[in-house]
Amino acid sequence: MVTRQRVKPILFFNTGAEDREAYLEIRKSGMPCEFRAPSLEDLSPLLLVGYQRFVGIHEIRSFITKSKKK
């Protein structure tokens, strides 16, 4: 049986309001995460989880909500 390793999410963010809000949401959730700033991406905040990417506060909130249910 193969065991899956949990992938630690990585948040790339800048100094905008939406970026700060995403940072705080992840911190409040207690989810282990690496925080990397500043992002050179035009799209931020950007959360990478394995091969998945979540752009913007709405997608990140959705991911946090779904990961809590598991």
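# A tour of the chain, stop by stop

**The whole chain.** Start with everything shown: the chain has 2 helices and 4 strands. Helices (H or I, at least four residues) and strands (E, at least two) are DSSP runs, numbered from the N terminus. Along the sequence they follow the pattern β-α-β-β-β-α. The model is predicted, so local features need pLDDT of at least 70 and side-chain atom pairs count only at pLDDT 80 or more, while totals for chains, interfaces and linings use all residues. Residues are numbered from 1 along each chain as its sequence is written, and side-chain values use heavy atoms, with hydrogens and water left out.

Of the 70 residues in the chain, 30% are buried. Buried means under 20% relative accessible area, exposed means over 50%, and partly exposed is in between (1.4 Å probe, protein chains only).

**The sheet.** Select the strands. They form an open sheet of 4 strands in the order β2-β1-β3-β4, with mixed pairing. Two strands pair if DSSP finds at least two bridges between them. The edge strands are β2 and β4 (52–55), each of which pairs on one side only. On average, neighbouring strands of this sheet are turned by 20° against each other, direction ignored. Axes are lines fitted to C-alpha atoms, for helices over the stretch in contact, and angles run from 0 to 180 degrees between N-to-C directions.

Next, select β1 and β3. This pair is antiparallel, over 3 bridges. Which residue in β3 is the bridge partner of Leu11? The partner is Leu47. Leu47 also has a bridge partner in β4, namely Phe54.

Move on to β3 and β4, which pair in the antiparallel sense over 4 bridges. One bridge joins Val49 to Gln52 in β4. The two strands form a hairpin with 2 residues between them, and Gly50 in the turn has a positive phi of about 60°.

**The helices.** Show helix α2 (residues 57–69). This helix lies across β1, β3 and β4, and runs at about 130° to β4. Now add α1: the two helices pack at an angle of about 10°, with their axes 10 Å apart. That makes α1 roughly parallel to α2, a term for angles under 35 degrees (over 145 is roughly antiparallel, 65 to 115 roughly perpendicular and the rest oblique).

To see where the helices meet, select Glu18, Glu21, Ala22, Glu25, Ile26 and Ser29 in α1, then Ile57, Ile60, Arg61, Ile64 and Lys68 in α2. Contact here means heavy atoms within 4.5 Å.

**The core.** A nonpolar core is a set of buried Ala, Val, Leu, Ile, Met, Phe, Trp, Tyr and Cys residues joined through side-chain atoms within 4.5 Å. The largest one has 13 residues, and those with the most contacts inside it are Leu11, Ile26, Leu47, Phe54, Ile60 and Phe63. At least two residues of this core come from each of α1, β3 and α2. Which element gives the largest share? It is α2, with 4 residues.

Centre the view on Leu11. Leaving aside neighbours within four places in sequence, Leu11 has contacts that include Ala22, Tyr23, Ile26, Phe35, Pro45, Leu47 and Ile60.

**The aromatic rings.** Rings of Phe, Tyr and Trp (its six-membered ring) pair if their centres lie within 6.5 Å; planes under 30 degrees apart count as stacked, over 60 as edge-to-face and the rest as tilted. By this rule there are 3 aromatic pairs. Select Phe13 and Tyr23: their ring centres are 5.6 Å apart and their planes at 35°, so the pair is tilted. Phe13 lies in the loop between β1 (10–12) and α1 (17–29) and Tyr23 lies in helix α1, so the pair ties together parts that are 10 residues apart in sequence. Phe13 counts as buried because its relative accessibility is 15%, whereas Tyr23, at 28%, counts as partly exposed. Add Phe35 to the selection: ring pairs link Phe13, Tyr23 and Phe35 into a cluster.

Then select Phe54 and Phe63. Their ring centres are 4.8 Å apart and their planes at 35°, so this pair is tilted. Both Phe54 and Phe63 are buried.

**The cis bond.** For the last stop, select Ser44 and Pro45. A cis peptide bond joins them, with omega about 5°. Pro45 lies in the loop between β2 (34–36) and β3 (46–49). Is Ser44 buried or exposed? At 18% relative accessibility, Ser44 counts as buried. Its C-alpha atom is separated by 9.0 Å from that of Leu11, 33 residues apart along the chain.
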